[in-house]
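This report describes how the protein chains meet the two DNA strands. The structure comes first, then the surface beside each strand.

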There are 2 protein chains.
Amino acid sequence: MESNVHKISCPDCRLSDLCLPYGLQKNEVQQLATIVKNKRPIHTDEYLYLQGDTCQNLYAVKSGSFRSFIADDNGSEQTIGFYLPGELMGLDALQHGRSTCSIVALETSTVCELPLSHLNELCSQIPSLQHQMMRILGKEISSDHDKIIMLGHRSAKEKMATFLLMLSRRYSGLGFSSTEFNLSMRRQDIANFLGLTVETVSRQFTELNKDGIITVKQRGIQINDITSLKAIVKPCMPDDQLSFIA
Amino acid sequence: MESNVHKISCPDCRLSDLCLPYGLQKNEVQQLATIVKNKRPIHTDEYLYLQGDTCQNLYAVKSGSFRSFIADDNGSEQTIGFYLPGELMGLDALQHGRSTCSIVALETSTVCELPLSHLNELCSQIPSLQHQMMRILGKEISSDHDKIIMLGHRSAKEKMATFLLMLSRRYSGLGFSSTEFNLSMRRQDIANFLGLTVETVSRQFTELNKDGIITVKQRGIQINDITSLKAIVKPCMPDDQLSFIA
DNA sequence: TCCTTCTATTGACATAGATCAAGGTATCAT
DNA sequence: ATGATACCTTGATCTATGTCAATAGAAGGA
């Protein structure tokens with residue numbers, strides 16, 4: 001990614017169709033851009049915010065990727081999701097103004113900061129912005145439902161296939177290859193996200209690799225036979241429900 | 001519940017503090033009430049709406065209870081949540097105007113219908129209503145996250161204890177007993193919700209009963225030792241994260 | 001009241017995935 | 001380069017929970 005991503009503003013941002021500006025008039029996007037604060041880059045393993053922080057902003061991923069997770073008293077974690085460019089973080093804090101999860105950068109990343117107070121004001125003025133906010137919130141909710149399905153009733157193999165297909169779909173939505181990409185998360189993160197152990201994730205990768213369905217080289221994934229991958233998931237899920245993670 | 005619940009309007013509704021009117025001025029509540037349509041009662045096993053239906057409304061539970069679930073190609077289901085009085089259904093349809101799940105009544109129940117078009121208009125006019133909508137959406141999202149935690153990293157016993165505590169908390173929020181209540185859902189629904197089998201749910205009930213922690217008589221639950229119940233969950237979850245289900 | 005059907009419990013057994021343990025490979029700082 | 005540390009893979013074993021099967025209890029209709 002270019003070194004200047006963090007200076008680009010909404011009207012010029014290549015992500016605008018995936019992000020908040022979608023469906024807005026040109027002048028409305030410019031209005032939105034005035035309330036967006038561009039932040040300095042966030043480095044690997046750096047936190048965007050911590051569980052329990054008061055949180056008066058939403059954050060859009062501009063480049064890179066993040067992991068969100070909830071920790072309990074014992075320090076054990078559950079990964080809630082992964083965020084790729086164009087996706088909105090901090091929606092859980094809408095309830096009380098306090099974040100219920102922590103968010104950490106998986107690689108050097110940039111975000112746009114959207115102060116909630118300004119955003120709410122703007123929503124009252126621009127109906128299509130409010131509409132887009134609702135759409136984004138609805139999407140977050142139905143994507144969470146997809147995760148619930150995955151965790152509740154899927155085998156390890158199905159979970160892995162679903163995970164890969166979902167990443168594939170999201171990367172392709174960003175204009176990247178849908179069959180070749182690098183994982184920005186560790187095996188441990190994937191395992192935790194899917195409710196499995198690292199060992200099981202590793203074994204599943206090995207098996208999918210042996211079967212020729214994918215080629216795994218560390219973080220590098222190549223999907224050789226997307227049909228087979230879909231077939232692993234298919235018996236369990238309508239095609240339009242693969243839109244999730246996040 | 002009184003036989004006339006479905007005629008009561010927002011300003012007189014005993015649920016108003018749990019529902020959309022929370023935080024609104026008296027005259028604002030009256031405005032809200034004008035867009036609410038009261039519907040005839042919905043009977044056991046009757047559907048409020050079906051997965052895939054175009055859905056231009058939100059629905060607030062007025063009395064009774066509902067189960068929401070997503071079905072896949074094979075007809076197998078995942079229960080997403082249970083809805084009690086004061087809770088808002090249909091939020092997942094905000095994304096595309098199509099519901100992503102089906103909702104079925106667990107007993108004879110009543111709902112208030114809120115046309116989204118009118119609601120959005122009203123949100124632009126009444127800032128505190130918009131604020132409350134955001135709060136409700138944020139709550140839905142963080143409650144979904146709690147479910148993800150539960151499904152991802154909990155044993156059968158922990159799931160059961162969490163389930164019971166959560167029901168207890170929600171009933172008490174409604175002004176009912178927190179230690180004695182009737183389940184409106186079948187064992188099968190609980191099992192499906194928790195990602196377990198009926199047999200496992202049944203065995204867990206039996207064990208908790210034997211240990212004297214609860215008394216189970218069919219659908220009737222009495223919590224005898226809420227401390228022990230919390231202790232089963234405690235090692236895994238901060239107290240303020242028990243707010244979920246829905 | 002009896003019969004049917006739906007729902008819940010209990011037991012015996014099988015298995016997917018966890019756990020434990022060891023070794024390999026990449027990454028990074030010195 | 002070299003060593004230290006984090007990350008990943010593989011194998012052997014154990015166990016919680018699923019599966020299959022049988023029984024028992026509720027609920028509802030004739």
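## DNA strand C

In this predicted model, an N or O atom in the side chain of A:Thr200 lies 2.4 Å from a phosphate oxygen of DNA strand C. That is a polar contact, defined here as a pair of N or O atoms within 3.5 Å. A polar backbone atom of A:Ala156 is 2.7 Å from a phosphate oxygen of the strand, and a polar side-chain atom of B:Arg219 is 3.4 Å from one. H6 of chain A, together with helix H5 (187-194) and H6 of chain B, are the elements giving two or more residues to this surface; helices are DSSP runs of H or I with at least four residues, numbered from the N terminus. H6(B) gives the most, 4 residues.

Around DNA strand C there are 17 residues, counted as near if a heavy atom lies within 4 Å of the strand. Sugar or phosphate makes up 67% of the strand's atoms within 4 Å of the protein, and bases the rest.

## DNA strand D

DNA strand D is surrounded by 16 residues, the closest including A:Arg187 and B:Thr200. A phosphate oxygen of this strand is 2.4 Å from an N or O atom in the side chain of B:Thr200. Polar side-chain atoms of A:Arg219 and A:Arg186 lie 3.1 Å and 3.4 Å from a phosphate oxygen. H6(A) supplies the largest share of the surface, 4 residues.

## Conventions

Residues are numbered from 1 along each chain as its sequence is written, and chains are lettered from A in the order in which they are written. Local features need pLDDT of at least 70, side-chain atom pairs count only at pLDDT 80 or more, totals for chains, interfaces and linings use all residues, and side-chain values use heavy atoms, leaving out hydrogens and water.

Methods:
Polar contact = N/O pair within 3.5 Å; in protein donor to acceptor, adjacent residues only side chain to side chain.
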